[in-house]
Amino acid sequence: MEGSSEFHSGRVRGFGRKSGRVLGAAVAVLALLCANSALAQQPDLGRAEQLVREGKYQDAYDLLAPFEDARKGDADFNYLLGRAALGTKRPEKALALFERSLAARPDTVAAHLALGRTYFALGRYAEAKIEFETVLRVEDLPPDLLTQVEIYDQLARQSLDEGRRLTSFGYAETGIGGYRVNSTRGTDAFGGGDRNDSFFNARVGGGLNYALDNGYALDANLDYRFRSFDNDDIRNDSDWRWRAAGSRAFGENNLAAGFRGRVSYRGGGQYRNDYSIFTNYRYRYDEDNQFTVGAEVQRRRYPDGPLRERSRTTATASAGWVRSLFDGRGSFSLTGHGGYNYATSRPDGDSAIYGATANLDYTFTSRLAGFMFAWWERDAFNADAIHFHPDSLDEGVVLRRKDNLYEFGAGLVWEFARGWTFRPEILYIRDESNSVGFNYSSTEYWLNVRKGF
């Protein structure tokens, strides 16, 4: 019995050890199954990114949508789901997702571009432009809001949908117009008042933007304009403009610095050369407001001829504000500037300058837009010189010249076919001065057709 008892006791102890091992194995298997189940509940962001890249937006949306509530704070998840929502014609949904993505990671250039495209899809053009300009730099754009945003959207699409670091746009424009020199004391005194001429004009150009890492970018623009008058006594205009700059986007801000210049034919074999160094800072206060400040030092040089004494250097500073209006269908902007002209050989000496520019844009439909602008500048010279005063007749007086320069313009833009626009525009110029010879006025109008590509 004693042996039997020992045998029985040994069997029990052996069974206990085996059951413990079985239980441990079961627990391990259960833990593995739970881990696999947890992993199965995570969205496959790599697969979603591939689907978005291939343009399979509905598949990407179906893959990610079930996890939206659980991943609200994930910048990458919200960006990819936003791309899928925008691609499946859900712009309102995409708007909220891109805003979440940027709230978690404000420096993501791709999310800013995608948010700009979303505003554009919603017809909120002013907000789209403000958003695009936090990460894109483009110059020599047409004056209307609609075309500007279409160009920005084109660059954003190339970056996001085609995966291009180097994005580009181009244009060609041509048409006919009329030029009238209005009667003023200055134009009448020199026999130029009430003159009418018609002209042919053409313009071609484009821009490049190369995206670097960490929000840095390089951009360049080239623009050529030509105008030929029917009257052989009137000089033809020829104008080359160029720009090269670097920029950095960070959050709602964008800082740029670079060089730009201009070569203008002035008639009679004479040219004018402009070149400058500049810097500009943009701040997107919210979806409806943008503020800018800038500074520039420019050298204007007439290489030779009777205008050579007008060569000068100008240092200016500016500050501006852009406001979205009418639910993004329009915008108003106001910019003030001030500075000084120096290093000049003009008889009137150096001059202090200050002025302002106001623009109003409105988009009636996705194919029809309008704009108007006003520009003013005050030039106050610092040297006494002999001039004919407007209040005197054929009598020279010693005075310090003061000029007020005005420009007013307006136009319509009608997209009659994809990429093709018809553009009637008008421009009024008025120069007022306390010296007779610097009073001038003209009115120009033109009817152009533009092709963007």
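**Reading a predicted model, starting from Arg-401**

Analyst: Let's start with one pair: the side chains of Arg-401 and Asp-403 make a polar contact at 2.6 Å. Keep in mind that this is a predicted model.

User: Okay. Which other side chain does the side chain of Arg-401 make a polar contact with?

Analyst: In general, we look for N or O atoms within 3.5 Å of each other. Here the other partner is Asp-348, whose side chain is 3.1 Å from that of Arg-401.

User: And is Arg-401 buried or exposed?

Analyst: The idea is to compare relative accessible area with a cut-off: under 20% is buried. Arg-401 comes in at 10%, so it counts as buried. As for its place in the fold, look in strand E12, residues 396–417.

User: Which residues is Arg-401 in contact with, once its neighbours within four places in sequence are left aside?

Analyst: Skipping those neighbours takes out what the chain itself brings along. What remains for Arg-401 includes Asp-348, Asp-379, His-387, Asn-434 and Phe-438.

User: How do I read a residue that is neither buried nor exposed?

Analyst: Anything between the 20% and 50% cut-offs is called partly exposed. Try Tyr-445, in strand E14 (residues 440–452): its relative accessibility is 47%, so it counts as partly exposed.

User: What does Tyr-445 touch, not counting residues up to four places away in sequence?

Analyst: Tyr-445 touches Gly-177, Gly-178, Phe-199, Glu-425 and Ile-426. You can also check C-alpha distances: Tyr-445 and Arg-180 are 265 residues apart along the chain, yet their C-alpha atoms are separated by 9.0 Å.

User: How does that look for the protein chain overall? What share of contacts with a separation of 6 or more joins residues 24 or more positions apart?

Analyst: That share is 55%. The chain has 9 helices and 14 strands, and 43% of its 453 residues count as buried.

User: What about the surface? How much of it belongs to carbon and sulfur atoms?

Analyst: Of an accessible surface of about 23,100 Å², 57% belongs to carbon and sulfur atoms. For something more local, look for nonpolar side chains grouped together. This chain has a nonpolar patch of about 1,000 Å², with Leu-222, Trp-240, Phe-259, Tyr-275 and Tyr-342 among its members. Strands E4, E5, E6 and E9 each give two or more residues, and E6 has the largest share, with 3.

User: Where is Leu-222 found?

Analyst: In strand E3, residues 216–229. With a relative accessible area of 45%, Leu-222 is partly exposed.

Notes. Residues are numbered from 1 along each chain as its sequence is written. This is a predicted model: local features need pLDDT of at least 70, side-chain atom pairs count only at pLDDT 80 or more; totals for chains, interfaces and linings use all residues. Side-chain values use heavy atoms; hydrogens and water are left out. Helices (H or I, at least four residues) and strands (E, at least two) are DSSP runs, numbered from the N terminus. Buried means under 20% relative accessible area, exposed over 50%, partly exposed in between (1.4 Å probe, protein chains only). Contact means heavy atoms within 4.5 Å. Accessible areas come from the Shrake-Rupley method with a 1.4 Å probe; for residues, only the protein chains shown count as cover. Patches are made of residues with over 30% relative accessible area and no salt bridge: like charges are joined within 9 Å, nonpolar side chains (Val, Leu, Ile, Met, Phe, Trp, Tyr) within 5 Å. A salt bridge is a side-chain nitrogen of Lys or Arg within 4 Å of a carboxyl oxygen of Asp or Glu. A polar contact is a pair of N or O atoms within 3.5 Å; within protein, one must be able to donate a hydrogen and the other to accept it, and residues adjacent in sequence count only if both atoms are side-chain atoms.
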